[in-house]
Amino acid sequence: MDHEKFMRMAIELSENSVTQGQGGPFGAVIVKDGELVAGSANMVVPNNDPTAHAEVSAIRLACQKLGTFDLSGCEIYTSCEPCPMCLGAIYWARLDKIYYANTKIDAADIGFDDKFIYDELELAMTERKLPIIQMMRNEALNAFRLWSEHEGRTDY
């Protein structure tokens, strides 16, 4: 597999995002069996979507193209170490491997600092800056019961 080729694609997407005024300096490509499946730059600003990071956008495109939510057998090349949200999406998509270029410290140095999220996750919910209030659990458990009993469900 030509790892440098795919990383260059991710880096090129990140550079084009900046020079074309799309958004942040991030790019990602997803590869399966040595073939490009999908790639995306950061689309937060053009899509007005805070979840449209390059990795998440590339995952969405790859899932659409392959017709599955399970990207086992695929690898992701990203121009920067994934943030907590993207890392979670990568795990949920079941990608086999992550290759990255810039570090989260490099990103923090230019204003993309996600350390506060890592710090918040270490705290008890009652100590976090964003109030988290649980309510109506008993009513909500019904959907979980229905799911558990549903014969036609698709586990993921």
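## Cores, cysteines and surface of a predicted model

The largest nonpolar core has 18 residues, and I30, I59, A62, L71, I76 and L95 touch the most other members. β1, β2, α3 (54–66), β3 (74–80) and α4 each supply at least two residues of this core. The top contributor is α3, with five residues. A further core lies apart from this one. That other core has seven residues, including M7, A10, V29 and Y99. The model behind this report is predicted.

I76 gives a view of the packing. Neighbours within four places in sequence are left aside here. I76 is then in contact with A28, V29 and I30, and also with E55 and I90. Its other contacts are L95, K97, I98 and Y99.

**Helix α4 and what follows**

Helix α4 spans residues 84–93. Which residues of α4 are buried? They are P84, C86, I90 and A93. The buried residues of α4 pack against two other helices, α3 and α6 (115–122), and against the strands β3 and β4. In an α-helix there are 3.6 residues a turn, so residues three or four places apart point the same way.

R94 follows α4. R94 is found in the loop between α4 and β4 (97–102). Its phi is positive, about 65°, although R94 is not a glycine.

**Two positive phi values**

D33 also has a positive phi and is likewise not a glycine. D33 lies in the loop between β1 (27–32) and β2 (35–41). The table sets D33 beside R94.

| Residue | Phi | Loop between | Relative accessible area |
|---|---|---|---|
| D33 | near 50° | β1 (27–32) and β2 (35–41) | 69%, exposed |
| R94 | about 65° | α4 (84–93) and β4 (97–102) | 32%, partly exposed |

D33 counts as exposed because its relative accessibility is 69%, over the 50% cut-off. R94 is partly exposed, at 32%.

**Cysteines without a disulfide**

A disulfide is a covalent bond between the sulfur atoms of two cysteines. How many disulfides does the structure hold? It holds zero. Why does C80 form no bond? The closest cysteine sulfur to that of C80 is in C83, 9.0 Å away, so the two are too far apart for a bond. C83 has its closest cysteine sulfur in C86, at 3.6 Å. That is also too far, because a disulfide needs the sulfur atoms within 2.5 Å.

Are C80 and C83 buried or exposed? C80 counts as buried, at 3% relative accessibility. C83 is buried too, with a relative accessible area of 12%. Both values fall under the 20% cut-off, so both residues count as buried. C86 is one of the buried residues of α4.

**A surface patch**

F69, W92, W147 and Y156 make a nonpolar surface patch. The patch covers about 540 Å². W147 lies in helix α7, which runs over residues 137–149. W147 is partly exposed, with a relative accessible area of 37%.

**A buried glutamate in α6**

Helix α6 holds E120. This is one of the helices that the buried residues of α4 pack against. Is E120 buried or exposed? E120 counts as buried because its relative accessibility is 13%. Which residues does E120 touch, not counting those up to four places away in sequence? They are R128, K129 and L130.

Conventions: Residues are numbered from 1 along each chain as its sequence is written. This is a predicted model: local features need pLDDT of at least 70, side-chain atom pairs count only at pLDDT 80 or more; totals for chains, interfaces and linings use all residues. Side-chain values use heavy atoms; hydrogens and water are left out. Helices (H or I, at least four residues) and strands (E, at least two) are DSSP runs, numbered from the N terminus. Buried means under 20% relative accessible area, exposed over 50%, partly exposed in between (1.4 Å probe, protein chains only). A nonpolar core is a set of buried Ala, Val, Leu, Ile, Met, Phe, Trp, Tyr and Cys residues joined through side-chain atoms within 4.5 Å. Contact means heavy atoms within 4.5 Å. Patches are made of residues with over 30% relative accessible area and no salt bridge: like charges are joined within 9 Å, nonpolar side chains (Val, Leu, Ile, Met, Phe, Trp, Tyr) within 5 Å. Accessible areas come from the Shrake-Rupley method with a 1.4 Å probe; for residues, only the protein chains shown count as cover. A salt bridge is a side-chain nitrogen of Lys or Arg within 4 Å of a carboxyl oxygen of Asp or Glu.
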